Amino acid sequence: QVQLVESGGGLVQAGGSLRLSCAASGNIFSINTMGWYRQAPGKQRELVARISSGGSTNYAESVKGRFTISRDNAKNTVYLQMNSLKPEDTNVYYCNAAMNVGGVGFYDYWGRGTQVTVSS
């Protein structure tokens with residue numbers, strides 16, 4: 001069974017930092033793009049940052065210069081370092097990965113989400 005397990009969320013004051021981690025496990029042949037999305041209640045899920053297997057990155061304009069995405073391919077893990085957090089960063093953060101599981105081709109997989117709350 002394939003799993004994406006997020007960790008590292010929590011409560012932090014504005015200006016603080018958090019580091020999210022997401023580890024993929026299961027019969028994984030290979031992983032292409034990995035990324036982080038967030039979703040506030042009643043709103044659509046939006047891209048925060050993503051990273052290709054080769055290390056190319058994309059960021060939402062709202063987090064550029066504050067968040068950094070990275071990955072450890074040997075550990076099938078993606079990270080999101082979040083600095084200078086703002087109250088508007090409060091959201092549930094979801095890990096996403098395009099993975100080839102069992103050799104049947106690439107499909108999108110999602111974690112269950114981790115809550116990030118930034119107090120003012």
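**Exercise 1. N76 and S84, two loop residues**

Work out whether N76 is buried, partly exposed or exposed in this predicted model, then find what its backbone shares with S84.

*Solution.* Start with the area: N76 has a relative accessible area of 24%. Buried would need under 20% and exposed over 50%, so N76 lands in the partly exposed class. Next, place it: N76 sits in the loop between β7 (67–72) and β8 (77–82).

Now look at the backbone. Most residues other than glycine have a negative phi. N76 isn't a glycine, yet its phi is positive, about 50°. S84 isn't a glycine either, and has a positive phi of about 50°. For S84, the place to look is the loop between β8 and β9. With 41% relative accessibility, S84 is partly exposed.

**Exercise 2. The cysteine link**

Find how many disulfides the model holds, and say which parts of the chain are tied together.

*Solution.* The count comes to one disulfide. The partners are C22 and C95, with sulfur atoms 2.1 Å apart; the cut-off is 2.5 Å, so the pair qualifies. C22 belongs to strand β3 (residues 18–25) and C95 to strand β9 (residues 91–101), so the link ties together parts 73 residues apart in sequence. A disulfide is a covalent bond between the sulfur atoms of two cysteines.

Then check the handedness. The angle about the S-S bond is -85°, and the link of C22 and C95 is left-handed. As for solvent, both C22 and C95 are buried.

**Exercise 3. The surroundings of G35**

Place G35 in the fold, and list what it touches beyond its sequence neighbours.

*Solution.* First, the element: G35 is part of strand β4 (residues 28–39). Second, its exposure: relative accessibility is 0%, so G35 is buried. Third, its contacts: leaving out residues up to four places away in sequence, G35 touches A49, R50, I69, Y94, C95 and N96.

One name on that list is C95, which is half of the disulfide with C22. What about C22 itself? The C-alpha atoms of G35 and C22 are 9.4 Å apart, with their positions 13 residues apart along the chain.

**Exercise 4. Rings and charges**

Classify the aromatic pair of Y37 and W110, then find which arginines have their charged ends over tyrosine rings.

*Solution.* There's one aromatic pair to deal with. The ring centres of Y37 and W110 are 5.0 Å apart and the planes meet at 65°. Edge-to-face begins over 60 degrees, so that is the class of this pair. The pair joins distant parts of the chain: Y37 comes from strand β4 and W110 from strand β10 (residues 106–110), 73 residues apart.

Compare the two partners for exposure. Y37, at 17% relative accessibility, counts as buried, whereas W110, at 37%, is partly exposed.

Now the charges. R19 has its charged end over the ring of Y79, 4.1 Å from the ring centre. R45 has its charged end over the ring of Y94, 3.7 Å from the centre. Y94 has come up before, as one of the residues touching G35.

**Exercise 5. K64**

Say where K64 lies, and which exposure class it falls in.

*Solution.* K64 is in the loop between β6 (57–59) and β7. Its relative accessibility is 46%, so K64 counts as partly exposed. For a distance check, pick A49: it's 15 residues from K64 along the chain, and their C-alpha atoms are separated by 9.1 Å. A49 is also among the contacts of G35.

**Exercise 6. The whole chain**

Sum up the fold: how many helices and strands are there, and does the radius of gyration agree or disagree with a compact globule?

*Solution.* Count first: zero helices, 11 strands. Read along the sequence, that gives β-β-β-β-β-β-β-β-β-β-β.

Next, size. A compact globule of 120 residues would have a radius of gyration near 14 Å, and the protein has 14 Å, so the two agree. The C-alpha trace spans about 45 × 25 × 25 Å along its principal axes.

Finally, packing and surface. Of the 120 residues, 38% count as buried. Take contacts between residues at least 6 apart in sequence: 54% of them join residues at least 24 apart. The protein exposes about 6400 Å², with 45% of that supplied by carbon and sulfur atoms.

Key:
Residues numbered from 1 in each chain as written. Predicted model: local features only at pLDDT ≥ 70, side-chain atom pairs only at ≥ 80, totals over all residues. Heavy atoms only, no water. Helix = DSSP H or I, 4+ residues; strand = E, 2+ residues; numbered from the N terminus. Buried < 20%, exposed > 50% of the residue type's maximum accessible area, 1.4 Å probe, protein only. Contact = heavy atoms within 4.5 Å. Phe/Tyr/Trp six-rings, centres within 6.5 Å; stacked < 30°, edge-to-face > 60°. Lys NZ or Arg CZ within 6 Å of the ring centre and 35° of its normal. Rg over C-alpha atoms; globule rule 2.2 N^0.38 Å. Areas by Shrake-Rupley, 256 points an atom, 1.4 Å probe, with all protein chains shown as cover.
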